[in-house]
Amino acid sequence: MRHESSAPGKGTPEPYPGYGTLVEGSSNYRQGRRPRWLKITGITAAVILVGVIAFGGYWLWRLQSNISTSALGAGGVRTEGPVNDSKDRLQILVLGSDTRSGKNGQYGSTADSSGYGQSDVMMLLDISADNNHVNVVSFPRDLLVDVPACKDSATNEQHAARSGVMINSAMAEAGIGCAVDTVNKLTGMEIDHFMMADFNAVKELSNTVGGVDVCVDTAVNDPDSGLKLPKGTSQVQGEQALAFLRTRHAFANGGDLGRIKAQQSFLASLTRKLKADGTLSDPQKVLSIADTMTKNLTVDDGLASVPTMLTLANRLKNIDPAKVNFITTPTVPAPSDPNRLTLDEPAADNLFAALRRSPDLSQPAPASAAPETSSAPAAPAYNKALQPVTVANGTNVASRGAEIGTILSDAGFTKLSRIPAQPRQQTMVYFGAGFEDVAADVAAVFGLPASSVQQVPGVQGVQLYAGEDFATGSKPAAPPSQAGGAVSQTGSDTTCQATAGG
């Protein structure tokens, strides 16, 4: 198509008054040039754009190069496929290693932490698909469990299954994947990811966020951990933050359960601080925290990318602290060793069953079918009068041991002994090898379900460990129908730690 010239000519009016050609050399003449301000603006924009890209690329490279990885499992069978980290329910095992290697050497020699290091902290972080329910379930390091057969992914060495060993030894012997498989076996769930941090991570993170508020009901001076705090609320960071989380002797009865409560309170306080400061919405603060954490974290391959971690952080930043439930796995002193713990059944089984159903622990448990009964039960293939049965009185009522013993004697179990025991919530029947049938019959005398019967190394014969649910009557009270009572505190609760002897 032909275009008409815009220059004035014959029959063509001037486009506007003064139309003409500028004379070369005129102060207004700029042949083939853009205005200077436009050039400067363009160069500046280009420099800024290159800087932003370089800055983003640098941080992406830096954070990515910080990340250490390990296998998610150690040979355990998985039945669930991979999850969508942005919208599915997520279960992440959070581990704290006691390794003394590298920067952690000041806390002892490598001999103080065998193998890969023991998992001094073990928490299962459970996030609902809609981010409205978050559960943090703590497993005491002194808990005796069954560890499945595990293959060390680094050495390909096969480790045989073990029974009745401390849960923190799973990682020490065969790596993080074995700890994951052990928790899967214990809970009946399948963990999607893991994060493992060491001592240095706690110190640097607490420094990065500017300290975390904690509270104690009396002044603390623990020479073992180095924790020194006045009565009331203090802000801890660095070495004191680590001491607060590590101490075993300063809180409650000086055991692991008191330390777990302190760890949960610390995390709740940290959650509130991050929300109140708007940290997770501030890119610069997020980068600082991400740099600190990635330098001190080991994660599974599925979590080992910066975009995936940012996806997870984006989900966590909008969670209401009041909906973060801190839970301690129900336990009781082990019959074979008062310094160790075993699952408190059926409370633990009820908790894990509730979590398998839903992350919302306020949902009631489904009604269970009534057990089938036989009108003419077969006679036992043993003499009841010859079976050793011990009544451990953990009811908090001094006379109950004798009263429960009378019920057993009337049922034919006359070879009885009675011992005092630490109080516990629910009644259990423990038995040694070869006494499974006797234990089942003892449980039947009191109407206890199969989940209340457990084989434990070190028990001779059968032990009825009577709990506070059996303080009166001929049968223990029915267990609660839902697991919501297991929640010890939420992320919005401000708690003060009871100190040992305080």
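Where in the structure is the place of Gln 91? Gln 91 sits in strand β2. This is a predicted model, and β2 is one way into it.

Start with the surroundings of Gln 91. With a relative accessibility of 8%, it counts as buried, because the cut-off for burial is under 20%. Leaving out residues up to four places away in sequence, Gln 91 touches Leu 124, Leu 125 and Asp 126. It also touches a run from Met 189 through Glu 190, Ile 191 and Asp 192 to His 193. Take the pair Gln 91 and His 193. Along the sequence they are 102 residues apart. In space, their C-alpha atoms are 6.7 Å apart.

Now step back to the whole chain. It has 502 residues, and 44% of them count as buried. It holds 11 helices and 23 strands. Consider contacts between residues at least 6 apart in sequence: 73% of these join residues at least 24 apart. The chain exposes about 25500 Å², and carbon and sulfur atoms supply 54% of that area.

Next comes the interior. In soluble globular proteins, nonpolar side chains tend to be buried together. Here the largest nonpolar core has 36 residues. Leu 93, Leu 95, Met 122, Phe 139 and Leu 186 have the most contacts inside it. Several elements each supply at least two residues of this core, including strands β2 (90-97), β3 (119-127) and β17 (337-343). Helices α2 (169-174), α3 and α9 (347-357) do so as well. The largest share, 6 residues, comes from α3. A separate core of 21 residues lies apart from this one, with Met 123, Ala 201, Ala 268 and Phe 326 among its members.

Met 122 gives a view from inside the largest core. Neighbours within four places in sequence aside, it is in contact with Leu 93, Val 94 and Leu 95. Its other contacts include Val 137, Ser 138, Phe 139 and Ile 167. Ala 179 and Val 183 are in contact with Met 122 too.

Follow that lead to helix α3, residues 176-187. Its 12 residues should span 16 Å at 1.5 Å a residue; the end C-alpha atoms are 17 Å apart, which agrees. How many of the 12 residues of α3 are buried? The count is 11, so the helix is largely enclosed by the rest of the structure. The buried set is not purely nonpolar in its names: it includes Asp 181, Thr 182, Asn 184 and Thr 187, alongside Ile 176, Val 180 and Leu 186.

Thr 187 belongs to α3. Its relative accessible area is 2%, so it is buried. Its side chain reaches the backbone oxygen of Val 183 at 2.8 Å. Residues up to four places away in sequence aside, Thr 187 touches Phe 139, Phe 352 and Arg 356. Gly 188 follows α3, with a positive phi near 80°.

Finally, turn to helix α10, residues 400-410. Its buried residues are Arg 400, Gly 401, Ile 404, Gly 405 and Leu 408. Seen down the helix axis, they fall within an arc of 130°, so they line one face of α10. What covers them includes strands β18 (389-393), β19 (416-420) and β22 (462-466), together with helix α11 (436-445). Just after α10, Gly 412 takes a positive phi of about 105°.

Methods
Residues are numbered from 1 along each chain as its sequence is written. This is a predicted model: local features need pLDDT of at least 70, side-chain atom pairs count only at pLDDT 80 or more; totals for chains, interfaces and linings use all residues. Side-chain values use heavy atoms; hydrogens and water are left out. Helices (H or I, at least four residues) and strands (E, at least two) are DSSP runs, numbered from the N terminus. Buried means under 20% relative accessible area, exposed over 50%, partly exposed in between (1.4 Å probe, protein chains only). Contact means heavy atoms within 4.5 Å. Accessible areas come from the Shrake-Rupley method with a 1.4 Å probe; for residues, only the protein chains shown count as cover. The expected span of a helix is 1.5 Å times one less than its number of residues. A polar contact is a pair of N or O atoms within 3.5 Å; within protein, one must be able to donate a hydrogen and the other to accept it, and residues adjacent in sequence count only if both atoms are side-chain atoms. A nonpolar core is a set of buried Ala, Val, Leu, Ile, Met, Phe, Trp, Tyr and Cys residues joined through side-chain atoms within 4.5 Å. The arc is that of the directions from the helix axis to the C-beta atoms.
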